[in-house]
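Hello,

Here is the structure I promised to pass on to you. Please have a look at it first, and then read my notes below.

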There are 2 protein chains.
Amino acid sequence: MWDAIWVDLSAATLAEPGGVGFVDEAAIAVEGEKIAWVGPASALPAAPHQLARTVHRCGGRLATPAFVDCHTHLIFGGDRALDFALRAEGASYAEIAAAGGGIRSTVAQTRGLSEEELVRAALPRARALLADGIATIEVKSGYGLDVGTELKMLRAAHRLGRELDVEVVPTLLALHALPPEFARDRAGWISTVIHELLPEVARKRLATAVDVFCENIAFTVAECGKVLQAARDHGLAVKVHADQLSAFGAAELAAEYGALSADHLEYTGDRGIAALAKSGSVAVLLPVAFVVIGETRKPPVEGLRAAGVPLAIATDCNPGTSPCTSLTLSMALARAEFGLTATEALRGATIEAARALGLEDSRGTLEVGRRADFCLWNLRHPREFGYWLGYSGLEATVRGGRVRSAEAR
Amino acid sequence: MWDAIWVDLSAATLAEPGGVGFVDEAAIAVEGEKIAWVGPASALPAAPHQLARTVHRCGGRLATPAFVDCHTHLIFGGDRALDFALRAEGASYAEIAAAGGGIRSTVAQTRGLSEEELVRAALPRARALLADGIATIEVKSGYGLDVGTELKMLRAAHRLGRELDVEVVPTLLALHALPPEFARDRAGWISTVIHELLPEVARKRLATAVDVFCENIAFTVAECGKVLQAARDHGLAVKVHADQLSAFGAAELAAEYGALSADHLEYTGDRGIAALAKSGSVAVLLPVAFVVIGETRKPPVEGLRAAGVPLAIATDCNPGTSPCTSLTLSMALARAEFGLTATEALRGATIEAARALGLEDSRGTLEVGRRADFCLWNLRHPREFGYWLGYSGLEATVRGGRVRSAEAR
């Protein structure tokens, strides 16, 4: 007998290549933390109450896999509302960064908070994320820019997951900005990352992947390549912030190192697309950052689509370019700004986002054996995802087989 | 002795021309449904517990007037997610409308629902709005396009307000689209509006204002002028959907009839700006619709600002061009897309939005004698409004002197 069964619902299982796998009259059964049965209710071998100890009747709600936010910088001190005021007066993102404002102010505030304080600061943001039906959140470090603070951020990310009883996937953002202490010694910081930070993160299993910001205002392809190689030598997966502000060859770099994902991609060209297609990396689109920084160049969605590169969508929650805690909003902007279809938006927040974290075998679809992470929505049809803005329709999230009512934003 | 006092908070009172009226250590006292005292806590005549029966200590939260959403089409049947899928394939808003899709499908579904069903359909959207700290919601009719359904929509709007115990301000959107029944008799519909619909709405006090959609795909300046004149003859205020898709002279029309507001304004030129400045009408900016329809022409914010036209921001919640239930998101997009300052964004959701409804003497500021509608936010500074996307920081709303905890989205 199963632990529980959910009936009287429709489902988008996502268990269909390129589609949403819609089942009109569906049932989902759970045993422990995993899905034990899913399919058309008419195919159930007996009446629901004969099959499971608990029967949840869902009043025609729509079920989907719980969402995965595969790119966030959720842990940070302070905010950058003042930068935004400056930008409204005409300063560019690059100018604010070059002037020593921007990320450096976040670094100073992040260094100044304890692990406990970092978790407290992130909790309201994380709760807001959960209110959109998220069960898995990637959280990057990268505002420490010294070994101790980077480790502190990763520990805070783990702790955030425990406090909320949600899956947090921590990523070491090893190269984000040059630490002020290394302003005249770029090679020194690269060496510190490779010889001190990375080994410690790997040894303590504080992260499963390593990310780098490969961009003209950040780190070169050569610098990033060294760190990605070191990450791979430690058995860690890799990701790349690629071609956000310029055509920098970063997508090609991501592909060369077999990255789980290349993220942003506004300036990626045909060679980058071809490389990503070959490497099987996921293209993670971050439309809120696109809107916030006033970018006009859009990522090459048609080219990526034609090449068969999987498309994921994430919030990029961060204080400088995407102070956003809503994945459904990101989905809506991916549709409105980048022309993604409703199907691509839903896949981009579920199975493709899971793939961007290397978790596509355990998350992102409703299939037997996958984690019982799913949502019930007050929506009529999957095409409503990315249609509403600011309205999620979330009724409840089931994480690891346990029902959570919709968490307040 | 006052009923209650809120202390240990900062406040943006908005009681300062052009500014936010920030008070660092503030107190707010309430008597009945109104504000009885507001100012620096140091100016209180005695200790809080000697002044009020209930003392609320707010842990340093930020208080603002509760928000006013001054332009919504919250009552409607169905959704238009299918239109959005069509638009993703290349159809324009005007093309969908010309093809008989678009608004006509919403009209058919709205006509098909009872008053009770319309309220049920709108409730989740309205609750989502409230989760952003809103205490006053304008709701337009306009999806009936026959006398009976227009009246039903207005009754549903009133009822929605009663069910949620929130102030709903109903507006008769008298000219929105030509009813299919009058496809070959434009003058017949104008006449029906003037001689049947408007008198009935005025007699039953179902709306306080009349709105018209003055646009090349909707109604001409001359047609709208006739209806606005009739509205004024009945003692009703007027509003205009103006220059959203083309330079149509609609802002000038709004000014000519002393409209409370002219809304959208993407294509308004210098003459329209000058006219609005002279008439004292509010410019209501609707950035979500701008983003959703992929508009590239931005409203003339600099010109409006220079001319001293008050700027308000609203969700424009509607199924066809702005399926949005978040005013804080609208504020963020007004900043990101239109270049509004943080101060303008906060004013645009409070005092200027109240002004767009003719309610600036009772709402939109924290001043003695105003309605005790205010919010407490987990934010450090007013400039965080329109900085976060998808995160409101709302802790509690006080409406009419009564505390409501943050309503779930």
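Between chain A and chain B, 14 residue pairs are in polar contact, counting pairs with both residues at pLDDT 80 or more. That cut-off applies because this is a predicted model, so please read everything below in that light.

On the side of chain A that touches chain B, four helices of chain A each supply at least two residues: H2 (81-88), H5 (115-130), H11 (287-292) and H13 (327-338). The largest share, five residues, comes from H13(A). If you sort the residues on this side of chain A by character, you get 20 nonpolar, nine charged and five polar.

The charged groups also meet across the boundary: the rule finds two salt bridges in the interface of chain A and chain B. In a salt bridge between the two chains, the side chain of Arg380(A) meets that of Asp79(B), at 3.0 Å from N to O.

How many residues are in contact on each side? There are 34 from chain A and 34 from chain B. The size of an interface is often given as the accessible area lost when the parts come together. Here chain A and chain B bury about 3200 Å² between them, and 64% of that lies on carbon and sulfur atoms.

How are the two chains related? A turn of 180° with a shift of 0.0 Å along the axis lays chain A on chain B, with an RMSD of 0.0 Å. This is the relation of a two-fold axis. Both copies use the same surface, since 100% of the contact residues of chain A recur in chain B.

Next, two residues of chain A that you may like to look at on screen.

Is Leu198(A) buried or exposed? Its relative accessibility is 0%, so Leu198(A) counts as buried. Leu198(A) sits in helix H7 of chain A, residues 186-203. Setting aside neighbours within four places in sequence, its contacts are Leu172(A), Val193(A), Val210(A), Val227(A), Ala230(A), Ala231(A), His234(A) and Leu236(A). As for Trp37(A), 161 residues away from Leu198(A) along the chain, the C-alpha atoms of the two are separated by 41 Å.

Asp373(A) lies in a loop of chain A, between helix H15 (351-356) and strand S13 (374-377). With a relative accessible area of 7%, Asp373(A) is under the 20% limit and is therefore buried. What does the side chain of Asp373(A) reach at 2.7 Å? The partner is the backbone nitrogen of Gly400(A). Beyond neighbours within four places in sequence, Asp373(A) is in contact with several residues, among them Pro65(A), Ala66(A), Thr136(A), Arg363(A) and Val398(A).

Finally, two backbone angles in chain B. Asp8(B) is a residue other than glycine with a positive phi, near 60°. Asp8(B) belongs to strand S1 of chain B, residues 2-12, and at 37% relative accessibility Asp8(B) counts as partly exposed. His264(B), again a residue other than glycine, has a positive phi near 90°. The place of His264(B) is strand S10 of chain B, residues 261-264. At 2% relative accessibility, His264(B) counts as buried.

Best wishes

Definitions and conventions:
Residues numbered from 1 in each chain as written. Chains lettered and ligands numbered in written order. Predicted model: local features only at pLDDT ≥ 70, side-chain atom pairs only at ≥ 80, totals over all residues. Heavy atoms only, no water. Contact = heavy atoms within 4.5 Å. Buried area = accessible area lost by both parts, 1.4 Å probe. Salt bridge = Lys/Arg side-chain N within 4 Å of Asp/Glu carboxyl O. Polar contact = N/O pair within 3.5 Å; in protein donor to acceptor, adjacent residues only side chain to side chain. Nonpolar A, V, L, I, M, F, W, Y, C, P; charged D, E, K, R; others polar. Least-squares fit on C-alpha atoms with pLDDT ≥ 70 in both. Buried < 20%, exposed > 50% of the residue type's maximum accessible area, 1.4 Å probe, protein only.
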